[in-house]
Every structure is written in C-alpha cells, then in structure tokens.
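User: I have this structure open on my screen and would enjoy going through it with you. Please take my questions one at a time.

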Amino acid sequence: MNRDSYPHYQRDCGWTHPRNLQRTRPSLEDDDDCDAIIIGGGYTGIGIAAQLQMLRPNDDIRILEAETIGSGSPGRNSGFLLEHAFGATSPGMASELYQHYRRTHQTLLQNGLGDKKAQPARIFKGAATERGLKALRTLEQFLNASQQPFAPLSADAMTELTGSRYYKAGIELPGNSLLNPFDLITNLARNLPASVTLYEQSPAIRLFREQGMWRAQTPRGTLRAPKVFLANNAFASALGYGNAYSVKIFTYAGITPQLSGAIFSRYSQHGQWGLLPAHRLGSTLRSTDDNRILIRGLYGYESEGNDSVKDMLATSLFSRFPELQAYGLEDWWGGTTSLTANGAPLWGELKDGLYVSIGCNGVGIIKGTLLGQQLANYACGEPHIDVARLMDKPGWMPPEPFRRLGFQAVSAYERRMAGAER
Ligand SMILES: Cc1cc2nc3c(=O)[nH]c(=O)nc-3n(C[C@H](O)[C@H](O)[C@H](O)COP(=O)(O)OP(=O)(O)OC[C@H]3O[C@@H](n4cnc5c(N)ncnc54)[C@H](O)[C@@H]3O)c2cc1C
C-alpha cells in the first residue's frame, strides 16, 4: 500500500479538540462506478463537488477523503479568509482576481458558518523591522494600483489593536474574515448536496487509467469514472502527478490555553484581530473567539518537524507578548500545503479526463475554493476564469537532490531576511 500518498500527522490539531471530532461518513468498502471522482475533501475538493453538482445535478459524484473531515490539512490552518489578491500577474489581474475572491468569500461564509454568525475581525499586515516597513510601502503601492482597499496603521494603533508593542506600523485590510477552520471545513462538508457522496478514511493509494476509464484505488475498494479530479494538494505528486511543479511543505501553528477575560482583554481591546507578517517567512498571529492567541510560523520541507518547533513558535510568541510566558503554548501542530516555485497553481486538464488544482501556497481557503469551482466549470465545458492569465503557470522545479538543496538555500536566506518578522 502506498502510505506516502496521503497524510499521517504526528499530532492532533489544537482547533479540533479531538473530543469534537466525529466520524459520520463511511469509508469506501467495495468497487463501484460513478461519473466523477474527486480525490481530497478540502476546500478545493468541496469547491469542485458543489459546482459539479450544480452543473450536472444528475451525475453521481464521489469524494475520497483520506482522513476524517476536520482532522486533516483543511482544519489545521490559521483561519484567515483573505479576499485581497496579493499574487497576480499584474495589478490589473489582481484587481480582477480580488472581485472573484470577494464573491467566493461570500459563498464560503454562507455555506461554512453553520449556525454561527461571522465575528467581525480586523485583519492587517504588520512590520517589525525596517525591511518589513519597506515591504509594506511596496504593498501599499500594489494595493493602490490594483484598487484594493487598505488603510495605514501607526505603531500606536498596532499596540491598541493587539496589545503588543512589537510592531512599527501596519496596513489594515478591510473585508476579510477570521474563522475557526475546523468549524469551516466540517460545515462545508455537511452542506454538500445530498447527491454528492463523501467517503472518509478512504485515501486514494493508486490512480490509473484502464480501458478509457480512471480508477482510484483505496485500501478496501476502487472507484471507476470517466473523470477524476486531483484536489489532494501536497499529495498529488505521490499519486504520480504534478511532481515537476510542486513540493510538500509543512508549516506549524501553536495556541495558548484559554485566557481569563481580564487577561485576554489586554490583547483584544478592539475585538478579534489577525496579523499577517510583512515578510513571507514571518509569523502570523491572531486572537480567537474563545480567548486564545495563535501563532503560525516556520516551514519544513517534505517531512514534519519535532518538538523543537514548539520552542521556536513559543519564542516568537513571547517576544511579542512577554506576559504570555506565564501561560505557555497549550498545543502545537503541523499541517501540509503544496508550494510551487512562483506561487502559481497547477490547474487544468493534465491528461484526458484527469483534472488537477493544487498549489495554493499557503493561502488556499478562498483561492482553493475558487479554483475548484472553476475547474468544475472547465471540465464541463462551461465558461471559466483564465487561471494562467490571472495567476501565471507554475514554474518547473529541478529533481532531487537539487530541489531540496535549492529549497534549503532559499529558505535559509529568506529566514535571515525576515529577521524579527519571524
Ligand atoms: C498551519 C497552517 C496555517 C495556514 N493558514 C492559512 C490561512 O490562515 N488562510 C488560508 O487561506 N490558508 C492557510 N493555510 C493554507 C491552507 O490550509 C491551504 O492552502 C488549503 O487548505 C488548501 O486547500 P486544498 O483543499 O487545496 O488542500 P488541503 O486543505 O491540503 O486538502 C487536501 C485534502 O486531500 C486529502 N488527501 C490527501 N491525500 C489524499 C489521498 N491520497 N486520497 C484522498 N484524500 C487525500 C487531505 O486529507 C485533505 O483533506 C495554512 C496552512 C497551514 C498548514
């Protein structure tokens, strides 16, 4: 069995609270035929399924998910729903993409909130270094040119919002949201149309074509269909596709215990907030609606890091909030994402009837959903966005060992450049 073809995390995720994790769906236990197989029940896979079902309501659509919904990669992120388009081939394309992201954001809020209401949150980029300040100025120019809304924040305003004196300035990004990703992905899965079958604990371990049909094999069954969609992100290459364009990256999050109202109010005078680093290898921070502070940072190439990750996350958190040392990190975990050389997704039809959308490069909640929906349009011959024009095509990556060496050299350099943004 190809155990590399799906995730095996060492640690449960702090959002999940394992006691909340309920497996409600069956595994694939036999051989069957259907109209479309989707491999991966994350944001991309669910985006594909919902759109396919709308376009082809009578089709038999099946999703194979390796894990229990909520415990895997889509439930492990920091929960920023970012409608701002930072990566695009030009400011004009970013402006167009921003409109697509805004609409997708609304769809996600409609389907992903369950019985909760969206919590208002203030989201901003923060700079802690001179280099970070320079990056913010460049970003301001880009946001201006692409007509995306923003507002500058002074150092004092950053302290007011976060309770930390660490930052020299920021840029507020209105319109975005903060959610709990476990809630989001479980609600999205629950709200799938009844005609879409979602199998949990059913990893595809082999994908092959036979007599004009695609076959996706799991440990206990096989699905056969004329169309297959690869939405398994960092694990697509383990099934034999996309290896020349993407690598599997681990990144990590740590979370404090619940803080008392009196303590937490020091960090949330103006309600919930989320802070994105000025440098891409910097630390992301946010408050949560259950009075905790989360930090996300660090990158690992292809394999999951050990306990030293927790110490590094804690050091970054305490440099911003020294008083939190008294509480420590209650939990920490890793999650995978797929990274491409230039940040452009691998998207489209790779072979006859084999469609792929992977490589959201760390901001895949809205982007993955949009690319999934558009891939379904494309596969059904419906109008769709021109992904390469808006986001470019992914750059080729050299084979191992050059790829690993290249990644290590670039990330060591970038970490040095990130300095106190880490
Ligand atoms: C710590 C962390 C913080 C992050 N923070 C943010 C954030 O705040 N905002 C944001 O937008 N993005 C964030 N990201 C990135 C974001 O999580 C991803 O970009 C997003 O989840 C991509 O969605 P996806 O559906 O394409 O892929 P994934 O979420 O990776 O989903 C792929 C699914 O495929 C399944 N799978 C894998 N292999 C197989 C197989 N062989 N068979 C069947 N199923 C398989 C996996 O179990 C998974 O459910 C973060 C990532 C991490 C790790």
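User: Over how many bridges do strand β5 (residues 121-127) and strand β7 (residues 169-172) pair?

Analyst: Strands are DSSP runs of E with at least two residues and helices are runs of H or I with at least four, numbered from the N terminus. Two strands pair if DSSP finds at least two bridges between them. β5 and β7 do so in the antiparallel sense, and their count is four bridges.

User: Good to know. What kind of model is this, and from which number are residues numbered?

Analyst: The model is predicted: local features need pLDDT of at least 70, side-chain atom pairs count only at pLDDT 80 or more, and totals for chains, interfaces and linings use all residues. Along each chain, as its sequence is written, residues are numbered from 1.

User: Which strands stand at the edges of the open sheet of eight strands?

Analyst: Happy to lay that out: the order is β6-β7-β5-β15-β16-β17-β14-β18, with mixed pairing. Two strands each have a single partner, so one side of each is left without a neighbour in the sheet; these are β6 (151-154) and β18 (331-340).

User: And what angle does helix α7 (residues 308-320) make with β17?

Analyst: The sheet twists by an average of 25° from one strand to the next. α7 packs on this sheet and touches β14 (246-255), β16 (284-287), β17 (293-301) and β18. Axes are lines fitted to C-alpha atoms, for helices over the stretch in contact, and angles run from 0 to 180 degrees between N-to-C directions. For α7 and β17 the angle is about 135°.

User: Moving to the helices, is α2 (residues 91-112) parallel or perpendicular to α8 (residues 364-379)?

Analyst: Their axes come within 9 Å and cross at roughly 100°. Angles under 35 degrees count as roughly parallel, over 145 as roughly antiparallel, 65 to 115 as roughly perpendicular and the rest as oblique. The crossing therefore makes α2 and α8 roughly perpendicular.

User: How many residues of α8 are buried?

Analyst: A residue is buried if 20 or more other C-beta atoms, placed from the backbone, lie within 10 Å of its own, exposed if 12 or fewer, and partly exposed in between. By that count α8 is mostly covered, and its buried share is 14 of 16 residues.

User: Which residues does Phe 321 touch, not counting residues up to four places away in sequence?

Analyst: Phe 321 sits in the loop between α7 and β18. Phe 321 counts as buried because 20 other C-beta atoms lie within 10 Å. Contact requires C-beta atoms, placed from the backbone, to lie within 7 Å, and the residues that meet this are Ser 164, Tyr 267 and Ile 293.

User: Now the backbone: is Asn 291 buried or partly exposed?

Analyst: Asn 291 is in the loop between β16 and β17, and has a positive phi of about 65° although it is not a glycine. Its C-beta atom has 17 others within 10 Å, so Asn 291 is partly exposed.

User: How many other C-beta atoms lie within 10 Å of Leu 298?

Analyst: Leu 298 belongs to strand β17, and its phi is positive too, near 70°. Leu 298 is buried because its count of other C-beta atoms within 10 Å is 22.

User: Last one: which residues does the cis peptide bond join?

Analyst: The second of the pair lies in the loop between α9 (387-391) and α10 (402-418). Omega is about 5°, and the residues joined are Glu 400 and Pro 401.

How values were computed. Two residues are in contact if their C-beta atoms, placed from the backbone, lie within 7 Å.
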